[in-house]
Amino acid sequence: MADFQSIKTKVEDGIALIELNRPDVLNAISRGMVTEIRSAFETFDKHDAVKAIVLTGNEKAFAAGADIDEMMEDDAVTLELLNQFKDWDQLHTIKKPVIGAVSGYCFGGGFELALCCDILFASEKAQFGFPEIKLGVMPGAGGTVKLTKLMGPKNALEWLWLGEPMTAKEAQKHGIINRIVAPELVVEEAMKFARTIADKAPLSLRLIKESVRYAADHSVQDGMQLERKNFYLLFSSEDQKEGMKAFTEKRYPHFKGK
Ligand code: CO8
């Protein structure tokens, strides 16, 4: 694994844990940090021993947004030439399950990073929000799009225009997070969930993720076509034979991911 400056990584029982690590600036997301997260995601996605990835910050902040100091002097041409969203876009191409564990501030680009996760656990003290309006800008890494898909345009506009933080309970009401847990347990619970799904058939996990993500952005008809292709595809896997054989033999299946 590369020598990272802005994140820490480790692998435990088949689960990769990625911790954002710029505590002095509440884990503000620099361009270098996004490149490192992308690199760690891609490495773990290819790593056979890793079954799922957990992404977290610290108790005070998941991340308080993109690094304002870094971008304050930018102009449109600099941003175009930097092509920084290439790294952000890659975060959506990860095939393995990604579980986010959010405590404290989860703002702006930090909220957008959390929204890249497949499942989100949040501490009861987590705060989510898009304060960009107060800086004279707006979300740029998918915030307006994802919030609108999750809560509808009227609710999304209210949160984006006001720029105020929402509590974990409000976030759960809008389908943004899966579970609320005690602050000291958020990483542990996310790891526990990751370990639980790590036992499941890897190809099923992967194709279910692909199907659900596709369904969120396409018509019912198109979604069902992809679902059917993926369903057929699983019947050419050894794990389908093993899973069904194990059922008839009344034993646990041993999945190999092929
Ligand atoms: N960027 C840079 N530094 C930050 C950021 C940030 N986003 N957030 C906090 N910090 C720094 C502070 O400057 C401070 O540094 P120092 O100690 O050197 O003064 C340190 O972190 C601690 O912060 P505070 O003293 O402000 O801590 P408080 O507990 O008083 O307040 C808040 C916490 C409310 C979270 C406050 O820090 C805050 O409002 N931060 C900014 C939040 C924000 O506006 N986020 C959105 C940023 S814009 C964005 O994310 C656009 C995304 C576009 C897509 C991605 C493109 C790359």
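Guide: Two strands pair if DSSP finds at least two bridges between them. The strands (E, at least two residues) and helices (H or I, at least four) are DSSP runs, numbered from the N terminus. This is a predicted model, where local features need pLDDT of at least 70 and side-chain atom pairs count only at pLDDT 80 or more, while totals for chains, interfaces and linings use all residues. Residues are numbered from 1 along each chain as its sequence is written, and side-chain values use heavy atoms, leaving out hydrogens and water.

Visitor: Which residue in β2 stands opposite Val11?

Guide: Strands β1 (residues 7–12) and β2 (residues 15–20) pair in the antiparallel sense over 6 bridges. Across from Val11, in β2, you will find Ala16.

Visitor: Which residue in the hairpin of β1 and β2 takes a positive phi?

Guide: The hairpin has 2 residues between its strands. A positive phi near 50 degrees is taken by Asp13.

Visitor: Which strands stand at the edges of the sheet, each with a single partner?

Guide: The open sheet has 4 strands in the order β4-β6-β8-β9, with mixed pairing. Two of them have a single partner each, so one side of each lacks a neighbour in the sheet: β4 (61–63) and β9 (166–167).

Visitor: Which residue in β6 is opposite Ala63?

Guide: β4 and β6 run parallel and are joined by 2 bridges. Opposite Ala63, in β6, stands Cys106.

Visitor: How much of the ligand's accessible area does the protein cover?

Guide: Let's start with the polar contacts (N or O atoms within 3.5 Å): a ligand nitrogen is 3.0 Å from a polar backbone atom of Ala64. Ligand oxygen atoms lie 2.8 Å from such a backbone atom of Ala66 and 2.8 Å from one of Gly109. Of the 1,100 Å² accessible on the ligand alone (Shrake-Rupley, 1.4 Å probe), the protein covers 64%.

Visitor: How many nonpolar residues does the shell around the ligand have?

Guide: In total, 24 residues surround the ligand, with a heavy atom within 4 Å of it. Helices α2 (68–71), α4 (85–90) and α5 (109–115) and strand β6 (105–107) each supply at least two of the shell residues. Counting Ala, Val, Leu, Ile, Met, Phe, Trp, Tyr, Cys and Pro as nonpolar, Asp, Glu, Lys and Arg as charged and the others, Gly among them, as polar, the shell has 5 polar, 5 charged and, as nonpolar residues, 14.

Visitor: How confident is the predictor on average along the chain?

Guide: Confidence in each residue is given as pLDDT, from 0 to 100. The model scores ipTM 0.98 and pTM 0.97. With 100% of the residues scoring at least 70, the chain averages a pLDDT of 97.

Definitions and conventions:
A polar contact is a pair of N or O atoms within 3.5 Å; within protein, one must be able to donate a hydrogen and the other to accept it, and residues adjacent in sequence count only if both atoms are side-chain atoms.
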